[in-house]
Amino acid sequence: MINDESTLLYNALKYEEGHERRTQHILKVYSLTKLIGEQENISNEDMIILNASAILHDICIKYCKEKYSGDASLENQKMEAPYIVEKFLKETNYTPSYIPKIIELVKKHHDYDNINSTLLQILIEADLIINYFETENKEKTLKLIKNIFKTETGKNIFNSFKLEEI
Ligand SMILES: [Fe+2]
């Protein structure tokens with residue numbers, strides 16, 4: 001099967017070996033990314049790219065922690081993303097031309113100052129909504145959300161929680 005998203009998700013969950021926070025984070029960001037993408041009428045091809053980027057967006061954390069004695073800095077994650085993301089995507093038969101696009105989304109998902117595509121915008125919005133629930137520092141995340149959010153769906157979802165108005 002080509003672009004085998006369900007096996008990609010399965011493999012990513014297995015890779016985390018039951019790590020509670022990261023396992024739940026993958027599932028939450030994946031489902032919210034998919035929801036925003038579909039509501040924003042993203043094309044089928046772009047949805048494949050977007051969903052894969054959501055599944056893999058934090059996949060480098062575990063790899064970097066193991067390789068660099070616990071150091072999963074953003075710098076290390078960006079450095080390792082091409083290798084690890086490509087490995088997961090090749091195992092699940094992703095279309096070769098999609099792979100660099102997915103790697104780029106994974107690498108840039110913390111580059112809040114340079115959001116240069118709709119897909120990156122959606123991935124970042126989904127991640128920030130989930131981060132808002134997970135973080136201790138809600139003030140900082142709320143500030144980012146207020147500054148960065150662009151899609152109607154992302155704004156509406158956040159506002160529908162009735163926590164803060166953006
Ligand atoms: Fe994340």
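These are my notebook entries on a predicted model, covering an iron site, two helix packings, one isoleucine and two residues with positive phi.

**Entry 1: the iron site**

I began with the iron ion and asked which protein atoms donate to it. I found NE2 of His 25, NE2 of His 57, an OD atom of Asp 58 and an OD atom of Asp 127. These donors lie 2.2 to 2.3 Å from the iron ion.

Next I looked up the geometry. The angles among the 4 donor atoms run from 83 to 173 degrees, and the site is irregular. Four donors count as tetrahedral if all angles lie between 85 and 135 degrees, so the range of 83 to 173 degrees does not fit that class.

I then wrote down how the donors are spaced along the chain: H-x31-H-D-x68-D. His 25 sits in helix α2, residues 20–39, and Asp 127 sits in helix α7, so this pair ties together parts that are 102 residues apart in sequence.

I also checked two of the donors for accessibility. His 25 has 6% relative accessibility and counts as buried. Asp 127 has 2% and counts as buried too. The cut-off I used for buried is under 20%.

**Entry 2: α7 against α9**

I looked at how helix α7 (residues 118–134) packs with helix α9 (residues 152–160). The angle is about 10 degrees and the axes are 10 Å apart. Angles under 35 degrees count as roughly parallel, so α7 is roughly parallel to α9.

Which residues make the contact? From α7 I listed Glu 125, Ile 129 and Tyr 132, and from α9 I listed Gly 154, Ile 157 and Phe 158. Sorted by class, this contact has 4 nonpolar residues, 1 polar and 1 charged.

**Entry 3: α2 against α9**

I turned to α2, the helix that holds His 25, and its packing with α9. Here the angle is about 130 degrees, and the axes are 9 Å apart. The two helices are therefore oblique to each other.

On the α2 side I noted Leu 32, Leu 35, Ile 36 and Gln 39, which meet Thr 153, Gly 154 and Ile 157 of α9. The class count for this contact is 4 nonpolar, 3 polar and no charged residues. I marked Gly 154 and Ile 157 of α9, since they are listed in the contact with α7 and also in the contact with α2.

**Entry 4: Ile 55**

I picked Ile 55, which is in helix α3, residues 44–56. Is Ile 55 buried or exposed? At 1% relative accessibility, Ile 55 counts as buried.

I looked up what Ile 55 touches, leaving out residues up to four places away in sequence. The list is Glu 5, Leu 8, Leu 9, Ala 12, Ile 26 and Tyr 30. I also noted the spacing to Lys 28: 27 residues in sequence, and 9.6 Å in space from C-alpha to C-alpha.

**Entry 5: two positive phi values**

Last, I looked up two backbone angles. Asn 41 has phi near 60 degrees, a positive value in a residue other than glycine. Asn 41 is in the loop between α2 and α3. With a relative accessible area of 68%, Asn 41 is exposed.

Lys 162 is not a glycine either, and its phi is positive at about 60 degrees. I placed Lys 162 in the segment after α9. Its relative accessible area is 73%, and Lys 162 is exposed. The cut-off I used for exposed is over 50%.

Notes:
Residues numbered from 1 in each chain as written. Predicted model: local features only at pLDDT ≥ 70, side-chain atom pairs only at ≥ 80, totals over all residues. Heavy atoms only, no water. Axes fitted to C-alpha atoms, helices over the stretch in contact; angles between N-to-C directions. Helix = DSSP H or I, 4+ residues; strand = E, 2+ residues; numbered from the N terminus. Parallel < 35°, antiparallel > 145°, perpendicular 65-115°, else oblique. Contact = heavy atoms within 4.5 Å. Nonpolar A, V, L, I, M, F, W, Y, C, P; charged D, E, K, R; others polar. Donors = N, O, S within 2.8 Å, 3.2 Å for Na, K, Ca; no water. Tetrahedral: all angles 85-135°; square planar, octahedral: opposite > 155°, others 65-115°. Buried < 20%, exposed > 50% of the residue type's maximum accessible area, 1.4 Å probe, protein only.
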